[in-house]
Amino acid sequence: MGSVLLTLIGVVTVEIIYEDQAVIVCYKPAGIATQTKRLGQQDMESLLKNYRAAKKENPYIGVIHRLDQPVEGIMVFAKTPQAAAKLSAQVQERSIGKFYYAVAQAFPDGKKEGVLTDYLLADKKNNSTRVVPQKTPKAQRAELAYRIVAAAGNEAETLTGYVKYDIHLHTGRHHQIRVQFASRGCPLLGDQRYGTKTEGAALALCAYRVVFVHPDTGKEMDFSITPKHPAFA
């Protein structure tokens, strides 16, 4: 199955970009959690389980990777435990390509592209992460490559110095992009948690492309979307 369709699940519109016997590739709207234990709160896992159940299918959904709740973007879910195991192995091997757009101020050093490498320490209790020295216990290495591709879109056009970044995430740490940018004095537009200078704006971060090897066929799969956040327009 390769057709594009819009599926209404409860009160949330989930765009199914691609689906076959092993995987579902879909768009996660900003504001929806990937997974949650909060009673009564919808998340992508439960929405897709309900979607499969409505089609009289086994409602199994394997969560392979996550996006922060305020982040929009493309996601891959497994439809069988076997597919989940193979895709999870790709995540662990860092062979899944994860690409993001972000809007933030240009870095003070003036570089248009580069690689950011830090060590991050996550505080899951407070749902936050910070940059720490390399030898800090439980710190994890975080790396991404970035390049500035354009000025920010219409929501940010009055904000001096804001630009659009194309980011290739080499590691997948908790709040990684948000923390690495904020630690350099350039928090993402709309990021209230990590010190945004613009109150009220939605977080300008979108997982716009994912590349992976199909767990059954071994074929490379490459999908991308157009962000809905107006700052990317």
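Are Tyr146 and Tyr165 buried or exposed? Both Tyr146 and Tyr165 turn out to be buried, where buried stands for under 20% relative accessible area, exposed for over 50%, and partly exposed for whatever falls in between (1.4 Å probe, protein chains only). The model is a predicted one, with local features needing pLDDT of at least 70 and side-chain atom pairs counting only at pLDDT 80 or more, while totals for chains, interfaces and linings use all residues. Residues are numbered from 1 along each chain as its sequence is written, and side-chain values use heavy atoms, with hydrogens and water left out.

First, the overall picture. The protein has 3 helices and 12 strands, taken as DSSP runs numbered from the N terminus (helices H or I, at least four residues; strands E, at least two). Of the 233 residues, 49% are buried. Contacts (heavy atoms within 4.5 Å) with a separation of 6 or more are made up, to 61%, of residues 24 or more positions apart. The accessible surface comes to about 11700 Å², and carbon and sulfur atoms own 50% of that; the areas come from the Shrake-Rupley method with a 1.4 Å probe, and for residues only the protein chains shown count as cover.

Back to the tyrosines. The whole structure holds 9 aromatic pairs. For this count, rings of Phe, Tyr and Trp (its six-membered ring) pair if their centres lie within 6.5 Å, and planes under 30 degrees apart are called stacked, over 60 edge-to-face, and the rest tilted. One of the pairs joins Tyr146 and Tyr165, which is edge-to-face because the ring centres are 5.9 Å apart and the planes sit at 65°. Tyr146 belongs to strand β9 (residues 140-151) and Tyr165 to strand β10 (residues 162-169), so this pair ties together parts that are 19 residues apart in sequence. Tyr165 also has Phe181 as an edge-to-face partner, at 4.8 Å centre to centre and 85° between the planes. That second pair links distant parts of the chain, since Tyr165 is in strand β10 and Phe181 in helix α3 (residues 176-182), 16 residues apart. Tyr165 has a relative accessible area of 0% and is therefore buried, and Phe181 is likewise buried, with a relative accessible area of 0%. Add Phe107, and ring pairs link Phe107, Tyr146, Tyr165 and Phe181 into a cluster.

Rings also keep company with charges. A charge sits over a ring if NZ of Lys or CZ of Arg is within 6 Å of the ring centre and within 35 degrees of the ring normal. By that rule, Lys228 places its charged end over the ring of Tyr27, 4.2 Å from the centre, and Arg209 does so over the ring of Phe99, 4.7 Å from the centre.

Arg209 has a charged partner too. Its salt bridge is with Asp222, the closest N and O atoms being 2.7 Å apart; a salt bridge here is a side-chain nitrogen of Lys or Arg within 4 Å of a carboxyl oxygen of Asp or Glu. Asp222 lies in strand β12 (residues 220-224) and Arg209 in strand β11 (residues 205-213), so the pair ties together parts that are 13 residues apart in sequence. Asp222 is partly exposed at 39% relative accessibility, and Arg209 is partly exposed at 28%.

In total, there are 12 salt bridges. Another of them brings Asp68 and Arg178 together at 3.1 Å, N to O. Here distant parts of the chain are linked, with Asp68 in the loop between β4 (62-63) and β5 (72-78) and Arg178 in helix α3, 110 residues apart. Asp68 is partly exposed at 23% relative accessibility, whereas Arg178 is buried, at 5% relative accessible area.

Helix α1 has its own bridge, between the side chains of Glu45 and Lys49 (3.8 Å, N to O). Glu45 and Lys49 are 4 residues apart in helix α1, about one turn of the helix. Glu45 counts as buried at 17% relative accessibility, whereas Lys49 is partly exposed, with a relative accessible area of 33%.

Arg52 is in helix α1 (residues 44-54) as well, and it is buried at 7% relative accessibility. Apart from neighbours within four places in sequence, Arg52 is in contact with Ile24, Glu57, Asn58, Pro59, Tyr60, Ile61 and Lys79. Arg52 also joins Glu19, Lys55, Glu57 and Lys79 in a network of salt bridges.
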